[in-house]
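Visitor: Before we begin, I should like each label explained against its definition. Please show me the model.

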Amino acid sequence: MIRYVIRRLLWGVVLLIVVAALTFVLFRVLPSANPALLRAGRDPNPGLVKNIEALLGLNKSLPEQFWDYMKEIFLHFQFGYSYYSQESVRSLIGGRLSATVSLTVGAAALWILGGMSVGVISALRRHKLADRLAMGGALVAISAPEFWLGFVFLLLFASDIGKFRILPGAGSYVGLTSDPWKWFTSLIMPWIVLAAGSAAIFARLMRSSLSETMGEDYIRTARAKGLPERRVVRHGIRAAINPIITLFGLEVGVLLGSAVLVESVFNIPGIGELNYKAIQQSDFPVTQGTVLLASLFIIVANIVVDVAYAYLDPRVRYS
Amino acid sequence: MSAREALLRVEDLRVEFPTEDGVVHAVDGITYEVHSGRTLGIVGESGSGKTVSSLTTLGLTRRQGARISGRILFGGEDLVQLPEERLRAIRGNDIAMIFQDPLSSLHPLYRVGAQLVEAVRAHRDVPKARARERAIELLELVGIPDPRRRVDEYPHEFSGGMRQRAMIAMALANEPKLLIADEPTTALDVTVQAQILALMERLQRELGMAIVIITHDLGVVAEMADDIAVMYAGRIVETAPAARVFAAPEHPYTWGLLKSIPRLDAPRSEDLMPIPGTPPSLISRPFGCHFHPRCPYAQPEHRRIDPALRPVPDEPEHHVACLLQAPVRRRLWQRVNSGETPAQALAEAGLPGAPA
């Protein structure tokens, strides 16, 4: 098992290098303004542009640039410097990591707990009112884009522009360490908005998975043993979780993508917002750094899922 | 047989499932008794209602929306009327059940021992460690080697026969008075089948429980059963002590079952005679005798008259639901049993052939 995890981690590093190479090429091949030109002011003379290009290292060939980039990462754990602010990407990301982690971890918890419990209730009350309401709500949550849902929430509940002014609105985020209560209340709406889509998918998956397992022979056995219905349901849930866990790793990617939008809507100073601005400003090093970080999250999440899978299903053994 | 009080008495049990296509009459007024220490074999094809009737005994068809009427008397109580909580206390405690496919009947993600412990603790307030000791004891009782190690294994690490032994161990956890075994050997290899049947007989001797064994395999009941009930289309069409069913079967359906299994003592020239056709739909059953469309001996009036289960003359413990006259039936069975085709037997009995 440990050897398996180590192998997966090594492959993860290889994968990250591939992702870095792909994004590196992609950002430079796609039509976007020359970053040097953007920084040279209005009507720049060609000499200045050349100077800036040399300063940013853009005058070298692509493989050379990539080699320099990789060398910096492996030797100094530096991911380049922002074209825009000259700050190191590492410290830019480091300063914003806590906001994004607060947002995504909270949303993921809400997504899993909320999605699964709604799914369980729906499966056990199939075709009853509670099930129909939950599945209708899930359909709305899946269909609604985060930026729209975010604005709806702000217009409904935000303390500045809302109809019912009960929650802090956009731009109210503070760090956990400075004021835990404000941190918590400012994140309630972003958590809900970010979790909604994934939670809805999980609720629907859990509903169908549990409906299926509750019809299995071993559930009949559990009832025939005289177990109380609560324990019988637990047998069903235990078996229903496994196929869903697999999708957790995939949904993490979706969640990180949506975090970009949610951070922008709620004006949370996180990595998503950083990424959003960096793309607007053709700030390659920053974009590259955020993409690598997101890839790392997804790779780690998938390794965690696979390890959890082996733990949850005794029939699965890795070697 | 009937002098003592029956352990389980099922009276005119009917189980219907309303579906979109119509009402499924899964069990249609069956009556039988089971006595302590004895074995009743319920025999029939798939869809004859044998499984539904025993699931209903445990109240397991209730949540499938079944409409249940009649009485199931057990220990002075009517299980049909019993509230769910009281019934739950009986399930797995006084009445236990084992199923056809032991692999799908055991939870794949729980250790065998944990599933046994759960069965014990569902009805006994004992600490986990004690329940675990009991689980090991039970595995030993059903002949699983090295039970101390096996108790911590998962079902997929057991062989097919061992899984069914584990199921039996689980059923015996609380020393039930009645064990219902639904096709317990169907999913197993032939050699393992015999072991499982022998195990059940030994446990019955040691624990004195009653067994209801449900099967389509007359070979299984020949080995196990004291009494036999033959079911067809939700009804019991013949019931008698096991020996009588094999020596002097009265119902043409029973003849069909007997003639469609190979026998070592029959001449090699004798062909097997399968029962033609398929079991009827339980939503729209045939008028008259439900078996008449498949019965080679059916007479025109059998399409209209629905036969009741009646005692066979001179055999108070032998009942049959057939419209043929008793002497005619006997002549037909003698002919058929000696290897003649139904058409030959009919001609010699002086009856017109079955309507095509």
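Guide: The following exchange takes up the labels used for this model one at a time. It is a predicted model, in which local features need pLDDT of at least 70 and side-chain atom pairs count only at pLDDT 80 or more, while totals for chains, interfaces and linings use all residues. Residues are numbered from 1 along each chain as its sequence is written, and chains are lettered from A and ligands numbered from 1 in the order in which they are written.

Visitor: How many helices and strands does chain A have?

Guide: Helices (H or I, at least four residues) and strands (E, at least two) are DSSP runs, numbered from the N terminus. By that rule chain A has 12 helices and zero strands. Chain B has 13 helices and 12 strands.

Visitor: What makes the span of helix α12 of chain A agree with its number of residues?

Guide: The expected span is 1.5 Å times one less than the number of residues. For the 29 residues of α12 (residues 284–312) this gives 42 Å, and the end C-alpha atoms are 41 Å apart, so the two agree.

Visitor: Which residues of α12(A) are called buried?

Guide: A residue is buried if 20 or more other C-beta atoms, placed from the backbone, lie within 10 Å of its own, exposed if 12 or fewer, and partly exposed in between. The buried residues of α12(A) include A:F284, A:V286, A:A294, A:I298 and A:I299. The buried residues of this helix pack against α1 (2–29), α2 (35–39), α5 (89–124), α10 (229–265) and α11 (271–280) of chain A. In chain A as a whole, 35% of the 319 residues count as buried; in chain B, the figure is 44% of 356 residues.

Visitor: Why is A:D43 called exposed?

Guide: A:D43 has 5 other C-beta atoms within 10 Å, and therefore it counts as exposed. This residue lies in the loop between α2 and α3 (46–56) of chain A. Its phi is near 45°, a positive value in a residue other than glycine.

Visitor: And A:F77: buried or exposed?

Guide: A:F77 counts as exposed because it has 8 C-beta neighbours inside 10 Å. Its place is in the loop between α4 (62–76) and α5 of chain A, and its phi is positive, about 50°, although A:F77 is not a glycine.

Visitor: How many residues of chain A are in contact with chain B?

Guide: Two residues are in contact if their C-beta atoms, placed from the backbone, lie within 7 Å. By this test 17 residues of chain A are in contact with 23 residues of chain B. On the side of chain A that touches chain B, α9 (217–224) and α10 each supply at least two residues, and α9(A) gives the most, with six.

Visitor: What makes β2 and β5 of chain B edge strands?

Guide: Two strands pair if DSSP finds at least two bridges between them. Four strands of chain B form an open sheet in the order β2-β1-β4-β5, with antiparallel pairing. Strands β2 (22–34) and β5 (77–78) each have a single partner strand, so one side of each is left without a neighbour in the sheet. Strand β1 (residues 8–19) of chain B is joined to β2(B) by 10 bridges, and B:V10 stands opposite B:Y32 in β2(B).

Visitor: How do you know that chain B agrees with a compact globule?

Guide: The radius of gyration is taken over C-alpha atoms, and the globule rule is 2.2 Å times the number of residues to the power 0.38. For 356 residues the rule gives a value near 21 Å; chain B has 22 Å, which agrees.
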